[in-house]
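Biologist: I have a model open and would like to go through it with you. Shall we take it point by point?
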Amino acid sequence: MVTESAHEFETRDLLLNVGPQHPSTHGVFRMVMQVDGEVVRDVIPYVGYLHRGAEKLCETMDYRQGIGFMDRTEYLASMNAELSYVMAVEAIADLQVPDRAQWIRMILVELNRISSHLMFMGAFGVDAGIIGTPMIYGWREREAIIDLFEEITGDRMMFAYFRPGGLAWDVPTNFAARVQEVIAAVKQGIKDLDGLLTYNEVFLARTQGIGVISAADAIDFGMSGPSIRASGVHLDIRRDEPYLKYSEIDWNVITATEGDVFARYNCRLQEMWESVRMVEQCLDRLEPGLIMPEKMPRMLRTPPGEVYVRTEAPRGEYGIYLVSKGGNRPYRLKVRSACLSNLQALKQMSVGQYVADAILVLGSIDIVLGEVDR
Amino acid sequence: MTSENQPESATDSTPGATLDGTIWAEVDRALAGITARAERGVLDLIVHIPPAEIVRGLRALKHDTTLQFDYLRCLTAVDNEDEGIDIVYHLYSTTARHNLTVKATLPNDDLFIDTATTVWRAANWLERETAEMFGVRFNGHPDPRTLLMPEDMDDTFPLRKDHPLAEIELLQGDGMGYTEEDR
Amino acid sequence: MAVTSDPTAVSPAAVPAATTIAEPATEPATAPAQPATEPVILPVIPGEHPAEAPRLEPVEVHPGKALYKQILPGVMQIPLDLVLGASRKSSLWPMTFGLACCAIEMIATYMAHNDLDRFGIVPWPSPRQSDVMIVAGTVTKKMAPAVKLLYEQMPNPKWVISMGACATNGGPYTRYDRVLQGVDKIIPVDVYVPGCPPRPEALIDALISLQELIMEERGATGR
């Protein structure tokens, strides 16, 4: 109980329930905040409102059917989720992916990273109080990217395009021209969002200095992605354990030092520029060729073994732990979700902030409940 | 006490040569006093530690100066029906950039293991999820509530192999006309 | 002539002839006294009835045509339930209830590319002021009490759109025992939208079908 200086109030902390239906919880996430006036003293997160059993259901599906479930865990960055899964199957089955498939996979994965960060910009702007404009700007460019994905894969969101070994089918013949168009539109969109938010005085006043987490704490909690890079930890799986062709192109790892909400936002914004550069370089290196290895079996059977494959999804480290005991189905499939580990640090980051700032902190971690709950 | 200089692999045959190029030598030195067994996985090295000494082993791996496994990537379990439940830890070092997989096998009649939250705070939610999915009890866990399950549904364990999938329910009422005979 | 600055002095030319009686008002001015030289003619305002026009005339009534339409042209008669139905359908405010992946397509439908605001559909976070609940995503057994509570918190008239395969019958996750196999097990649903996720055009189609349904109901108050 805290008493104000000149007044003899007897105060009690209030238990404030946020969610599971709330405009700013980014999905069905519930937290119970113990507030003293307007200052948050304790946060108890409740997850599991979207637990749909993707892991158990994948044990009954063969390797091609399971790709659809991986899409639906990280539904904003489905290509990244599929990539982890097919890479795990390729590692166990020892399949060599042809070069053309790898370059195309890189382009699609980076474009998906851009579209996921654009969604973050929109939702984060709404959390900061700018209801409308960042959301509409971000979604305008998302539609350009999603139109491209629809031309290639046939679906706007749940692509199911990657297969163990390569891709399902080859990209259309005007792929390079279309990607150039999309990149031009995306560059303009990022510039718009940057000009709208980054140097906005109100935005800076709202986001700087809150939700700070130190590098040591972030490592201890197992955070990953832009959330940990904003605290100064140079952890990026694309550089540390390169997969696809990340070691052959020229790009930078974006880090910041403050570890606050603005640093996380800025990291994501600069990552979008890096992704644009990466896509342009990949387009130059794209050459005609195969997209699946020759002599792929119709029904893929894997030898016994286990593997843990991790890739850098937009939110952090998306890992797939796959145990196979022979046959065409996984014996155990575990999805290591970046958002679940990032959410563990929520209490550390929000205690001592105002309620409105705690909402911003939750928004800056950028959670996708499909991944947290699977 | 591992007295042999040549580490043995889990599958029967050739010791030593299969583990060259891995960090097994440093791991073995760090786990001095703990009977550990290693095998080579597809990407990482897999080390088997007895469940009673798991926390001591993990702490030794974290604080060892050459290994420095300061990052817990993943903590999960695998249900090997009759042979017990494996608890699997995936470790990573942010400074030295190497990986390790640690496994502890629990027999089916004794599903208790010590918690790793004292070593890494990341283990907190991961152990809660493993406990409710497999029925494993983590001794000393600071917050043993269910994570993904509803609070009142914590008596069945979905990810065990003997837990069935749900049947598709018939459409209910309102003259839709679907009955048991129509199926 | 010189303009005097004395406000009380009145130039003789401005005084009408009727007031040339020099006597001050010792007697009440009952009669306009002597008739003036010129009669006072009131100006005729165009459009008004002149004083001599007949004021009351019998109106010709044509049988078969409503009386009020012949007396007061320019008035429409519409049944009240049609007005109620039209006003309910033209301003549907959905409660933002995105649960899972379908929520992203729902948000895409609200955004500028596929605009829902042109139909009068504005997303509203609070259940107390919204008309329709678009259940977008999988309903798990942990979430089901919250869904039921939110449905009961919405005031009548209310409708429910079940968007996507998961809300219809459990979708791809129907074999998992912690998933509710369709949201119509706990709340009544009016429109089902298939798809995983349904395209924005499909959601717009569902909302237009809901509008047609509302017009068929014609403002019934029993909901």
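Biologist: In which loop of chain C is C:Pro197 found?

Modeller: This is a predicted model. A cis peptide bond joins C:Cys196 and C:Pro197, with omega about -10°. Strand S4 (191-193) and helix H6 (200-217) of chain C flank the residue, and C:Pro197 is found in the loop between S4 and H6.

Biologist: Which residue is joined to C:Pro157 by a cis peptide bond?

Modeller: Most peptide bonds are trans. C:Pro157 lies in the loop between helix H4 (144-153) and strand S3 (159-163) of chain C. At that bond omega is about -5°, and the partner is C:Asn156.

Biologist: Is A:Asp94 buried or exposed?

Modeller: A:Asp94 lies in the loop between H3 and H4 of chain A. Its phi is near 60°, a positive value in a residue other than glycine. A residue counts as exposed if 12 or fewer other C-beta atoms lie within 10 Å. A:Asp94 has 10 such atoms, so the class is exposed.

Biologist: How many other C-beta atoms lie within 10 Å of B:Gln68?

Modeller: B:Gln68 is not a glycine, yet phi is positive at about 50°. The residue sits in the loop between helix H2 (54-63) and strand S3 (71-80) of chain B. B:Gln68 is classed as partly exposed, because the number of other C-beta atoms within 10 Å is 18.

Biologist: Which strands of chain A stand at the edges of the open sheet?

Modeller: The sheet has three strands in the order S1-S2-S3, with antiparallel pairing. An edge strand has a single partner strand, so one side of it is left without a neighbour in the sheet. In chain A that applies to strand S1 (14-18) and strand S3 (39-46).

Biologist: What is the bridge partner of A:Leu14 in S2(A)?

Modeller: S1(A) and strand S2 (residues 30-36) of chain A run antiparallel and are joined by five bridges. From one strand of the sheet to the next, the twist averages 25°. The partner of A:Leu14 in S2(A) is A:Val35.

Biologist: Which helix gives the most residues to the largest nonpolar core?

Modeller: This core holds 211 residues, and those touching the most other members are A:Ala88, C:Val135 and C:Met163. Leaving out residues up to four places away in sequence, C:Val135 touches several residues, including C:Phe97, C:Val147, C:Met163 and C:Val183. As for the core's elements, the top contribution is 14 residues, from helix H4 (residues 99-127) of chain A.

Biologist: How many charged residues are on the side of chain A that touches chain B?

Modeller: The contact takes 31 residues from chain A and 26 residues from chain B. Elements giving two or more residues to the chain A side include helix H3 (78-93), strand S6 (305-313) and strand S7 (316-324) of chain A. By class, that side has 12 nonpolar and nine polar residues, and the number of charged ones is 10.

Biologist: What is the average pLDDT of chain B?

Modeller: Residues 1-17 of chain B stay under 50, and the model has 24 contacts beyond four places in sequence for them. Over residues 173-179 of chain B the pLDDT is also below 50, with three contacts beyond near neighbours in sequence. In chain B, 81% of the residues score at least 70, and the average is 78.

Notes: Residues numbered from 1 in each chain as written. Chains lettered and ligands numbered in written order. Predicted model: local features only at pLDDT ≥ 70, side-chain atom pairs only at ≥ 80, totals over all residues. pLDDT = per-residue confidence, 0-100. Contact = placed C-beta atoms within 7 Å. Helix = DSSP H or I, 4+ residues; strand = E, 2+ residues; numbered from the N terminus. Nonpolar A, V, L, I, M, F, W, Y, C, P; charged D, E, K, R; others polar. Core = buried A, V, L, I, M, F, W, Y, C linked by C-beta atoms within 7 Å. Buried ≥ 20, exposed ≤ 12 C-beta atoms within 10 Å, placed from the backbone. Pairing = 2+ DSSP bridges. Axes fitted to C-alpha atoms, helices over the stretch in contact; angles between N-to-C directions.
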